[in-house]
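Here's a quick walk through one chain and what sits around one of its ligands. Have the viewer open and follow along.

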Amino acid sequence: MKVTVIGGGPGGLYFSILLKKAMPDCNVAVYERNKADDSFGFGVVFSDETLSEFLSRDPESYDLIRTKFAYWDELDVARDGEVVRISGNGFCGCSRKTLLQLLQQRCREEGVELNFEANVGDLSQFSDSDIIVAADGINSSMRDKFASDFGTNIQLQSNRFVWLGSTRPLDSFTYFFRTTPFGTFVAHSYQYEKGMSTWIFETTDETWHKAGFSTTDEQDTIQKLSEIFKEELDGHGLISNRSHWRQFPTITNKTWHKDNIVLLGDAKATAHYSIGSGTKLAMECAIALADSVIKYQTDTKAVFDNYEKLRRNRVEMIQHAANVSREWFEHMDRHIQHDFMAFAFSVMTRSKKVTLENLALRDPSFTKKVVAGFNQIGTTTSPAFTPFTLREMTVDNRIVMSPMEQYSAQDAVVTDWHLMHYGSRATNGIGLILTEATAISPTGRITLGCPGIWSKDQVIAWKRITEFIHANSTSKIGLQIGHSGRKGAVQLPWQSSNTPIENAWPLLSASPLPFNSKMGIPKEMTLEDMDMITSQFEKATKNAHDAGFDMIELQAHHGFLLASFLSPLTNIRTDEFGGSIKNRLKFPIRVFKAMRGVFPQEKPMSVRISASDWAENGITDNDVLNIAEAFKQAGADIINVSTGLTVENQKPHVGRMWQTPFSDMVRNTVHIPTITAGYIQDIDQINTILLNGRADLVALGKTLLLDPAFVRNAQAYEQYNAQNLDSLGIPKPYTSAVSHLYPYIGGQRKAMEGMKKALKPVTHKK
Ligand SMILES: Cc1cc2nc3c(=O)[nH]c(=O)nc-3n(C[C@H](O)[C@H](O)[C@H](O)COP(=O)(O)OP(=O)(O)OC[C@H]3O[C@@H](n4cnc5c(N)ncnc54)[C@H](O)[C@@H]3O)c2cc1C
Ligand SMILES: Cc1cc2nc3c(=O)[nH]c(=O)nc-3n(C[C@H](O)[C@H](O)[C@H](O)COP(=O)(O)O)c2cc1C
């Protein structure tokens with residue numbers, strides 16, 4: 001069998017070693033355009049986990065790497081002179097040049113044919129090869145040649161970065177942040193051998209331009225960065241090696257092979273350097289490709305299918321985490337405003353893979369300081385169980401029941417179902433309930449099962465619920481008030497999704513655009529319609545107060561009536577209510593002000609918005625910030641930041657805690673409290689979001705539907721106020737259950753933590 005490898009980087013070389021070792025009769029040849037001892041770049045990073053994998057695959061190269069690497073357990077976050085050290089992060093750094101030489105040595109020992117200064121331009125010379133591995137790096141010409149077959153997508157990211165070296169010794173992996181009049185810079189830095197460290201400097205495109213950098217002038221770059229990081233470099237200089245400012249390309253390929261050519265390493269997929277080097281990814285994929293060739297040999301289809309099966313999910317997961325981490329660095333200027341400990345926590349949890357609990361297992365002294373900083377009074381109370389005040393309403397804890405339609409009202413009046421539904425979450429300790437969308441008029445309902453707040457009967461029925469909650473729990477309850485707009489008059493979701501009812505009522509919207517082809521064309525609202533709707537919202541607000549609600553939330557999201565004014569996809573008006581975001585805001589703000597005017601001053605008001613339409617030409621970040629600012633100026637106390645559901649053809653990126661970046665943007669740019677929701681499932685995620693400063697309150701939707709006792713279980717998990725059970729607000733008939741629940745859940749947590757500790761990768765420290 002003959003295998004040709006184009007590119008003698010870590011991916012190509014490691015693959016060749018593993019293959020030749022397992023199949024000595026196979027002819028494996030590497031073609032590398034550089035000389036054997038050319039190398040660009042400085043150090044590479046491997047985690048304990050990756051090192052364990054190397055040990056199991058090729059102990060010889062593992063031993064060689066280990067003789068040369070610098071190992072560290074600590075990670076430092078430093079900002080303008082302040083530093084905090086977080087331990088328990090086992091990593092090693094190794095020189096890229098040394099790594100390549102060690103791998104070349106191993107190739108020679110196994111009998112791999114190495115060809116240097118052999119630039120491959122044309123594949124015809126390899127027509128007798130069974131497999132051609134394109135391991136020719138980020139700018140792979142092999143991939144580019146067949147880009148449409150591979151389905152290549154290359155996205156150049158906005159931040160600028162440059163790779164430099166220094167003789168400055170470092171005893172930990174360190175993120176040095178520096179604020180300048182132009183914006184924030186960061187250096188990702190680590191020592192990789194005695195007397196040598198890597199420094200990757202990064203900043204936003206805007207700051208880079210303002211600071212006057214240029215792509216090609218290496219001397220100017222070094223001089224400017226040396227000045228900014230003068231203290232951090234501590235008298236040591238910066239060293240360049242083809243060190244040009246670049247923008248990171250995120251590369252994906254729909255398929256990783258064509259005919260007998262297969263992609264490996266950076267040629268196939270890149271992962272932003274902020275969560276570990278591409279070198280690790282390239283070498284891990286080399287292992288999977290070698291395994292596949294060993295197993296299926298000349299059956300190339302089976303080889304390539306197996307390779308993708310082994311690696312695609314993993315690579316995509318790493319790329320996703322890398323993207324989330326990259327985005328964090330794109331918004332450094334926003335995060336830098338947090339207090340130092342909260343900022344350091346945010347650095348550590350930026351990829352959303354690491355949470356408060358993971359960090360507490362690694363370094364409890366660090367997380368204790370972060371939690372004490374959050375609570376400001378130095379207690380260790382779980383952030384979720386700290387109170388929060390809006391005007392004169394104080395909630396006991398930060399966990400909110402997200403608004404969720406029950407589609408179970410009778411003639412728009414709430415029933416026993418609602419009493420049970422809301423009552424059970426309240427008696428189970430939820431901090432705040434936000435009710436389902438409740439309509440201002442019969443034609444403002446989404447379905448015939450939606451409740452209203454326009455009539456006396458409705459007020460009386462809601463009052464029964466608020467009175468029950470106030471009498472039997474410490475929870476607060478807010479009413480979400482809205483009008484369905486062009487999304488109204490549809491069947492119940494379990495009957496048919498977004499399908500009109502028979503005899504659907506006439507719809508209203510900002511513009512005459514139907515939500516989908518099944519639904520009616522809404523009437524473009526006139527000034528008279530606006531007057532009518534405004535007074536209906538005003539009346540509904542007074543009714544909400546009469547019904548005993550502690551707060552109200554205005555529905556200006558998910559494509560309903562007010563949201564239809566805000567998004568350019570649903571508002572194509574040419575009058576003063578369309579066009580610029582200022583104009584699109586006019587009617588929603590008029591409604592809000594009318595409501596604020598009649599709602600008691602001591603009671604808070606929230607507005608729920610969609611911070612993205614997840615569709616082309618939809619609402620922009622700038623629009624969202626303008627919207628939040630306008631509601632803040634009009635007296636909103638908190639913004640509930642949701643996304644989407646504006647148009648039917650949306651493509652949301654759903655995943656764990658997926659809407660928190662939008663809440664983060666609003667909270668930390670407009671400086672107004674926020675609520676976030678979306679795939680949040682446990683108390684650890686809630687605490688992590690709060691400590692990160694991504695939101696002030698965390699709302700749970702589906703999580704609470706089948707688990708009304710979520711908060712009680714979470715309190716037991718955190719052993720919250722175990723010594724002071726009276727403070728938990730548990731209804732008297734239920735208090736005796738605490739003696740069972742707390743030890744049981746506490747024991748489960750201890751067992752789980754024990755398992756996690758046992759599964760921690762072994763240390764490879766010398
Ligand atoms: C200039 C540079 C500096 C870097 N510095 C660092 C660093 O300091 N630390 C770190 O962790 N990561 C660094 N990286 C990134 C990291 O090296 C990659 O993620 C990792 O090396 C991927 O391994 P690979 O084998 O897929 O590709 P590469 O390491 O890029 O190897 C590809 C090889 O293919 C060769 N090649 C390309 N085209 C041809 C051709 N037509 N014919 C023959 N040979 C060809 C190239 O010369 C290169 O040696 C650097 C990357 C580059 C490009
Ligand atoms: C059955 C159901 C009904 C919903 N009804 C509403 C609603 O009336 N008003 C609203 O703002 N959001 C509504 N939502 C959205 C939720 O409030 C929440 O934002 C969403 O479900 C994401 O959170 P989750 O992943 O925790 O469920 C509803 C969600 C569900 C599942």
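## What "buried" means here

A residue is called buried if 20 or more other C-beta atoms lie within 10 Å of its own, with the C-beta atoms placed from the backbone. Keep that cut-off in mind, and keep in mind too that this is a predicted model.

Helix α13, residues 340-348, is a good place to try the cut-off out: seven of its nine residues are buried, so the helix is largely enclosed by the rest of the structure. If you want to click through them, the buried ones are Met341, Phe343, Ala344, Phe345, Ser346, Val347 and Met348.

## The whole chain

Zooming out, 48% of the chain's 766 residues count as buried. The chain carries 26 helices and 29 strands, and its C-alpha trace spans about 90 × 60 × 50 Å along the principal axes.

Does the overall size fit a compact globule or not? The chain has a radius of gyration of 30 Å, and a compact globule with 766 residues would have one near 27 Å, which agrees.

## Strand β1 and its two partners

Now for the start of the chain. Strand β1 covers residues 2-6 and is mostly covered, with four of its five residues buried. On the β2 side, the pairing is parallel: five bridges join β1 to β2, which is residues 27-31. Threonine 4 stands opposite alanine 29 of β2. Add helix α1 (residues 10-22) to β1 and β2, and you get a right-handed β-α-β unit.

β1 also pairs with strand β9 (residues 131-134), again in the parallel sense, this time over four bridges. In that pairing, isoleucine 6 stands opposite alanine 134 of β9.

## The annotated FAD-binding span

UniProt, in an unreviewed entry, lists residues 128-318 as "domain: FAD-binding". In this model the span is 36% helix and 32% strand, and its end C-alpha atoms lie 35 Å apart.

## Around ligand 2

Which residues come nearest to ligand 2? Out of 17 residues around this ligand, those are Ser402, Pro403, Ala437, Gly701 and Lys702. As for secondary structure, the elements giving two or more residues to the shell are β21 (432-439) and α24 (702-705).

Sorted by class, the shell around ligand 2 holds seven nonpolar residues, six polar ones and four charged ones.

Conventions. Residues are numbered from 1 along each chain as its sequence is written. Chains are lettered from A and ligands numbered from 1 in the order in which they are written. This is a predicted model: local features need pLDDT of at least 70, side-chain atom pairs count only at pLDDT 80 or more; totals for chains, interfaces and linings use all residues. UniProt positions are given in the numbering used here, feature names are shortened, and annotations may be inferred rather than shown by experiment. A residue is buried if 20 or more other C-beta atoms lie within 10 Å of its own, exposed if 12 or fewer, and partly exposed in between; C-beta atoms are placed from the backbone. Two strands pair if DSSP finds at least two bridges between them. A crossover is right-handed if, with the strands pointing away from the viewer, the path from the first strand over the helix to the second runs clockwise. A residue is near a molecule or strand if its C-beta atom, placed from the backbone, lies within 6 Å of it. Ala, Val, Leu, Ile, Met, Phe, Trp, Tyr, Cys and Pro count as nonpolar, Asp, Glu, Lys and Arg as charged, and the others, Gly among them, as polar. The radius of gyration is taken over C-alpha atoms; the globule rule is 2.2 Å times the number of residues to the power 0.38.
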